[in-house]
Amino acid sequence: MKKLATFVLVLTLVFSSALTGFASANVTKFTLWTFIQQHARFYQVMTEKWNELNPDRQVELEATVLPYDDMHNKLQIALQSGVGAPDICDVEVSRFPNFLLGTPQLFPLNDAFAPYIEDIVASRLGIYSKDGNFYGAPTHVGATVAFYYVDILEDAGVDYRDIKTWDDFAAAGRKLKEVYPDKYMGVAETGAAWTVTAMLAQQGSDLVSTDDQPAINTREMLRAVTTLQNMLKDGILTTCPDGQPDTEGGKGYIDQGNVATVIMPQWFMSRFLDEIPSLKGKMAIAPVPVFEEGMPRSLGLGGTGTVVTLTAKDKVLAAEWLAYAKLSEEGNRMIWEDLGFDPCNTALWTDTEMTHNPNNRYNQYFLNNAFDVLNEVKEEIMMIRSSSISPIINQYVTTTMLNELFEDLMDPAEVLEEAQYVIESQIF
Amino acid sequence: MNKVLAVLYDQKVAPYVFVLPFVLTFLIFFVYPLITTIQMSFQDILPGVVVPVGFKNYQRLLGDRIFRTAVSNSLWYTVWTLALLIPFPLVFACMINSRSMKWQGFFKAALFLPVLTSVVVSGTIFRLMFGELEGSFMNTVRTFFGLSPIKWLKVQRTGFATMVLMACWRWTGVNMLYFLSGLKNIPLELYESAEIDGANAWQQFRHVSAPLVKPTIIYVLTISIYAGLAMFTESYMLWAGNNSPRNIGLTIIGYLYRQGWEQNRMGYASAVGLVLLVVGMTINLIQLRLTGVLGRRGG
């Protein structure tokens, strides 16, 4: 009797577990890591759309937001050991080359991308690829623009539209100083190189040379950092709390209305909306000032390449979901509408129904339209090289070099010479 | 089954059975990683590609400026923590141990409480307290005394001082307890006979407490040397990551972490780890020789 009861019990358990397996056969659960809250939200939105279009291959996304350094380090450890990696992961552009070293432990996305790549800016795909294989799905173009706090500039008698060159910028800064001694025209970053890199690109230069060597001690870099340092010394600029605008301290500082200009990639618009509420209706967008008129006024900066790891459950499905979420026309529309980023599908930049939608919350925040500016500089958007030595360069620049220049106000020529030497010694 | 039990319970075999868990743990978690680390330090390791490179990693270490910064930071940190975290806890322990001290339990608890906090939490709180903005706690104190706010964690001196301060706040309690237990082992009769012989408090300390608490001091010294050289979490939490401005907070382990996991160079990181092992071992062996724990050479 006891044996029979046991047998029946076991049989029931087996059947019921088989049944539950059957019921969830067409929903695949994926774990996803990201370091930006807004990205996680976007992925959930795109998952809902995917499920509507693919009822027989549904996806359930478990997205986790981790701090930047932590997430990248954890991913690195997981990929090195082969255990514990998520199925899908955001990897920021400045750390991406580290994941391409040796044999990338990432799933090639060529097949999944095939239906969409014609419409996507090729260079944004290139930074996340190796040996002809695409490993990361780009998020945006990241065109750098200047965000101007119009109210305080008007008080100082400055029309932001007149600022074309860095000389104009400095002059405007001096006028601002007369009216608001405690405010600044902008910030000199020590924890990131947005403005410095934009200044390099204007002069046709880059952090990495064409033969993959660090290009730190160059004429162009000297011009860029000296200009910034002089403005800092004149009190036109200040250093940014926490090192750069895209930090808690930085955003808080901007929210208090202390700076008239924020020079950041276009995706910083989403941070204005979510985390800088007091400047709503007071900010305008314009091209970045240049050294001489005629220089290219923008540069694609920042970026997140989303990867599928080799340990993912259903790599093909994950890759197809990813390609849909970030490269399809629908995905690109949502990248603007939900995230406020400039999508890689640049054909959409002239779709005025999308770009000038008055109900779009990003359009409501700013005084002018982002795409008017983007289309104005569309042909002038430079791209920087992403090389295997970029993480090393970025590391030194954002911890030591910029601090020496803008916190300690050391002699730029000496700092650059030292930086070139140390970075070269770190490369092997 | 009975045969197995007979073997296990055998008088000769039993000791080995008891020691087995420790031996296994030691072999798996200490000896094996040590051997593989030595191996890895002679290689360049990338996923799917492992290339033996001989002594190249060590050669690079010699010329690596940032590694020298890390070593210098770790060494100075060790020196300062030794200077502050041995004398003062010893004094506190003597004070608490003394018969004339009131509210011993309270002081013991108060000094030990910081030890119970998580390093992560306390590091974060210290980072906020020593923040660079005017509203941070320390800057508020400075402006109260009419001084201007400073960027505590961006400058070498103050950043380093904050790190040492945090260590002192945290570890005084532990060292104090070590010394306290060492002092408790000293029989009271020795103090009584010293008093009868006319010794005052300082002489009692010098001639009774200090020599008899020496083994404890040596123990604390040894573990402090290791802990100082291998410090990582405090620095990591104080600067919210491994990237302190101009590497003022970078330690040897911090550099190992950076090379191994941030820059994906496990071979180089292994070399860093081994250098730390050799440095720490050398310092401690010298120290133990000098204090007489390990036999003297030639009397």
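Two strands pair if DSSP finds at least two bridges between them. Helices (H or I, at least four residues) and strands (E, at least two) are DSSP runs, numbered from the N terminus.

This is a predicted model: local features need pLDDT of at least 70, side-chain atom pairs count only at pLDDT 80 or more, and totals for chains, interfaces and linings use all residues. Residues are numbered from 1 along each chain as its sequence is written, while chains are lettered from A and ligands numbered from 1 in the order in which they are written.

**Exercise 1. Strand partners in chain A**

Task: Find the bridge partner of A:T31 in β2(A), then trace how the chain crosses from β1(A) to β2(A).

Solution:
- Step 1. Locate the strands. β1 covers residues 27-34 of chain A and β2 covers residues 58-65. They pair in the parallel sense, over eight bridges.
- Step 2. Read off the partners. A:T31 is bridged to A:E62. A:V27 has A:Q58 as its bridge partner in β2(A).
- Step 3. Follow the chain. It leaves β1(A), passes through helix α2 (residues 37-53) of chain A and arrives at β2(A). This β-α-β crossover is right-handed. The term applies if, with the strands pointing away from the viewer, the path from the first strand over the helix to the second runs clockwise.
- Step 4. Turn to β3 (residues 88-92) of chain A. Two bridges join this strand to β1(A), and the two run parallel. Here A:W33 stands opposite A:C89.

**Exercise 2. Domains and core of chain A**

Task: State how chain A is divided, and say where the largest nonpolar core lies.

Solution:
- Step 1. Take the bounds, which come from an automatic or database domain assignment. Domain 1 of chain A is 27-141 + 303-350, and domain 2 is 144-300 + 377-426.
- Step 2. Place the domains. Their C-alpha centres lie 28 Å apart.
- Step 3. Count the contacts (C-beta atoms, placed from the backbone, within 7 Å). In chain A, 18 residues of domain 1 are in contact with 16 residues of domain 2.
- Step 4. Sort the domain 1 side by class. Nine residues are nonpolar, six polar and three charged. Ala, Val, Leu, Ile, Met, Phe, Trp, Tyr, Cys and Pro count as nonpolar, Asp, Glu, Lys and Arg as charged, and the others, Gly among them, as polar.
- Step 5. Define the core: a set of buried Ala, Val, Leu, Ile, Met, Phe, Trp, Tyr and Cys residues joined through C-beta atoms within 7 Å. Buried means 20 or more other C-beta atoms within 10 Å of the residue's own; exposed means 12 or fewer; partly exposed is in between.
- Step 6. Find the best-connected members. The largest core has 130 residues, and A:L109, A:Y148, A:V308 and A:L322 touch the most other members. Both domains of chain A give residues to this core, so it lies between them.
- Step 7. Look at one member. Beyond four places in sequence, the residues that A:L322 touches include A:I88, A:A112 and A:T306.

**Exercise 3. Where the chains meet**

Task: How many residues of chain B are in contact with chain A, and which elements supply them?

Solution:
- Step 1. Count. 24 residues of chain B contact 26 residues of chain A.
- Step 2. Name the elements. In chain B, α3 (56-63), α4 (65-85) and α13 (252-262) each supply at least two residues of this side.
- Step 3. Split by class. The chain B side has eight nonpolar, nine polar and seven charged residues.

**Exercise 4. Two residues of chain B**

Task: Are B:N139 and B:S235 buried or exposed?

Solution:
- Step 1. Place them. B:N139 is in helix α8 (residues 137-144) of chain B. B:S235 is in helix α12 (residues 233-238) of chain B.
- Step 2. Apply the count. B:N139 has 21 other C-beta atoms within 10 Å, so it is buried. B:S235 has 25, so it is buried too.
- Step 3. List the contacts beyond four places in sequence. B:N139 contacts B:E134 and B:P149. B:S235 touches B:M163, B:G249, B:T251 and B:G254.

**Exercise 5. Positive phi in chain A**

Task: Where is A:D212 found, and where does A:D242 lie?

Solution:
- Step 1. A:D212 is in the loop between α8 (194-202) and α9 (219-233) of chain A. Its phi is near 60°, a positive value in a residue other than glycine. It counts as exposed because it has 12 C-beta neighbours inside 10 Å.
- Step 2. A:D242 is in the loop between β8 (237-239) and α10 (248-255) of chain A. Its phi is positive, near 65°. With 19 C-beta neighbours inside 10 Å, A:D242 counts as partly exposed.

How values were computed. Two residues are in contact if their C-beta atoms, placed from the backbone, lie within 7 Å.
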